[in-house]
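Reader: I have a model open on my screen and I'd like to learn how to read it. Could you walk me through it, one feature at a time?

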Amino acid sequence: MTLTVSLRIDHPVVGCIGSGPRLLAKARACAEQGARIVWLGHDDLPNEAPASSVLSTLPEPGNSLLRVDYGLLLIDTGVAEDDTAWIARVEEGVPVWSPADHPSARVQFPATLQRGPLRITVDTGGRWPTVASWLRQKLDTLLPEGLGDLLQQMIHKGDLSERLTTPHQRRSFWYRLLDGNLVARAHQMPKAELSDALESSIRKAASGTVKGEVFLVGAGPGDPDLLTLKALRIIAQADVVLYDRLVSRDILARVRADAEMIHVGKQRSKHTLAQDQINQRLVEFAQEGRTVVRLKGGDPFIFGRGGEEIETLAEAGVAFQVVPGITAASGCAAYAGIPLTHRDYAQSVRFVTGHLKNDTCDLPWKDFVQNNQTLVFYMGLVGLPVIARELIAHGMPADMPVALVSKGTTPEQVVVTGRIDSIVENVEASEVKAPTLIIIGEVVKLREKLDWLGQSVSLN
Ligand code: SAH
């Protein structure tokens, strides 16, 4: 059996005998943690040896490898008998790692994830190294990029309990910090700026003036796998979530279990909360000191009125962050097998709102009828007859290919294709459901060719 413990090494020098890939990985892990690496019996440093490594001679036969020289020995010559012979020459008390089956080779390396001074290890007792590295990768994707730099900087702030005297203050400081903006940006900030920002967070926590913040998060078009890592991280820590109709159940299931959930609707002409009420609620929740997530379908800045929401937040002095999402055009195009641009067919793509006010046709139709351009209409189902009519009236060839993607990227995705002069009939016949996205252009033809992708075949 194994016990998972950490080894205190007073003399952080790691001796290496051999140079196999496993040994090199271990040597690098030790160097990352600050150990000096000494290569014994090598003429040159092995490729991929840690930069700070040095060379040294092997002890004469008959002499042992001493504790005073090495805090840890890594032995992997590639020949099991040679490894065993070396292990036999190690002074008792020096910890040894070696792939050789020897009672003295007692050190194992758990899978390790290092973020600055923080070290996370996954230990399966050496049984399932693949499980350990799988889990390590999962954890890696969950941790914000700036965590290491932020903690490194926190070391310089000394003992927090002197300034944040109550456990509540300390907890709220750490939660705010780790869930907040700063940890996502710390690795990109100059050290002095980061230090100042931390200083002001500590001061705020000490004076009890902690404010909430708002995250405007793009949830993507439907498939929860299309959430960004950042979106996933933020919805897992929200206190309150305001979501609209387009956000799928599967995505809502990933929100922190005890978060307050508020449906703010937005069905065509049936808004559950008016936009200015939503804006106001965001401000109020944040002012109560909560972490507020405004979860929107697709990308918040593409036909999402994200701009208006942040304007209100900015006016009220509420801290906010926008997390981009995969917009419906990207998601639906990919899952329907339609590239939006293509060297031969389209050099540009245009995202257009098909939400026509009172059926007026005040869109620049002439600009839409151009060679080598793909048009993507959002919110276009109701207006489709007008859209088709106007495009043809402004010179679009009647046989221009069109695809309408309903509930794109979800298991209920349906793709209806046709020509611009027949698409309205085809759509009526198929009784598709909202939300739908309309893609118009030569690129739609490529769908048949690319059908081997399988995604579109299996999804409709
Ligand atoms: N911010 C969103 C768009 C909001 S407008 C984004 O970036 O995707 C709402 C319109 O988006 C819908 O009317 C529809 O045209 C489109 N849409 C969103 N999700 C969709 C989906 N899964 N399938 C098809 N169209 C979708």
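Reader: Let's start with a proline. In which loop is Pro435 found?

Author: Before that, keep in mind that this is a predicted model. Pro435 sits in the loop between α15 and β17.

Reader: What kind of peptide bond joins Ala434 and Pro435?

Author: The general idea first: most peptide bonds are trans. The bond joining Ala434 and Pro435 is cis, with omega at about 0 degrees.

Reader: And phi angles, how do I read those?

Author: Most residues other than glycine have a negative phi. Here Glu431 has a positive phi, near 50 degrees. Glu431 lies in the loop between α15 and β17. Met379 also has a positive phi, near 50 degrees, and is found in the loop between β14 and α14.

Reader: Why does Glu431 count as exposed, while Met379 counts as partly exposed?

Author: You compare relative accessibility with two cut-offs: exposed is over 50%, buried is under 20%, and partly exposed is in between. Glu431 is at 65%, so it counts as exposed. Met379 is at 38%, so it counts as partly exposed.

Reader: Let me try a helix. How many residues does α7 have, and how far does it reach?

Author: For a helix, you compare the end-to-end span with what 1.5 Å a residue would give. Helix α7, residues 191-207, has 17 residues and reaches 24 Å from its first C-alpha to its last, close to the 24 Å expected. Its buried residues are Leu194, Ser195, Ala197, Leu198, Glu199, Ile202 and Ala205. After α7 comes Gly208, with a positive phi near 75 degrees.

Reader: Now the interior. Which residues touch the most other members of the largest nonpolar core?

Author: Think of a core as buried nonpolar residues joined through their side chains. The largest one has 23 residues, and Phe368, Phe377, Leu391, Ile420 and Ile440 touch the most other members. At least two residues come from each of α13 (365-368), β14 (373-378), α14 (384-393), β15 (401-406), α15 (423-430) and β17 (436-440). Of these, α14 gives the most, with five residues.

Reader: What does Phe368 touch, beyond residues up to four places away in sequence?

Author: Phe368 touches Arg350, Val352, Leu363, Gln373, Leu375, Phe377, Leu391 and Met396. Apart from this core lies another one of 18 residues, among them Ala231, Ile234, Ile251 and Leu252.

Reader: How many cavities of 30 Å³ or more are there?

Author: A cavity is space where a probe fits but cannot get out. The count comes to one of 30 Å³ or more, and the largest cavity holds about 40 Å³ of space. Phe368 turns up again in its lining, along with Gln370, Gln373, Leu375, Met396, Met400, Ile440 and Gly441. By class, that lining has five nonpolar, three polar and no charged residues.

Reader: One last residue. Where does Phe109 lie, and what is it in contact with outside its neighbours within four places in sequence?

Author: Phe109 lies in the loop between β5 (96-97) and β6 (111-115). Leaving those neighbours aside, Phe109 is in contact with Lys26, Cys30, Leu72, Leu74 and Trp97. Its relative accessible area is 28%, so Phe109 is partly exposed.

Reader: How many Å separate the C-alpha atoms of Phe109 and Val183?

Author: Those C-alpha atoms are separated by 28 Å, and the two residues are 74 residues apart along the chain.

Terms used. Residues are numbered from 1 along each chain as its sequence is written. This is a predicted model: local features need pLDDT of at least 70, side-chain atom pairs count only at pLDDT 80 or more; totals for chains, interfaces and linings use all residues. Side-chain values use heavy atoms; hydrogens and water are left out. On a 1 Å grid over the protein atoms alone, a cavity is a set of points where a 1.4 Å probe fits but cannot get out, and a pocket is an open set with protein on both sides within 12 Å along at least five of seven lines; lining residues have an atom within 4 Å of a point. Grid points are joined across faces, edges and corners, and a volume is the space filled by probe spheres set on the points. Ala, Val, Leu, Ile, Met, Phe, Trp, Tyr, Cys and Pro count as nonpolar, Asp, Glu, Lys and Arg as charged, and the others, Gly among them, as polar. A nonpolar core is a set of buried Ala, Val, Leu, Ile, Met, Phe, Trp, Tyr and Cys residues joined through side-chain atoms within 4.5 Å. Buried means under 20% relative accessible area, exposed over 50%, partly exposed in between (1.4 Å probe, protein chains only). Contact means heavy atoms within 4.5 Å. The expected span of a helix is 1.5 Å times one less than its number of residues.
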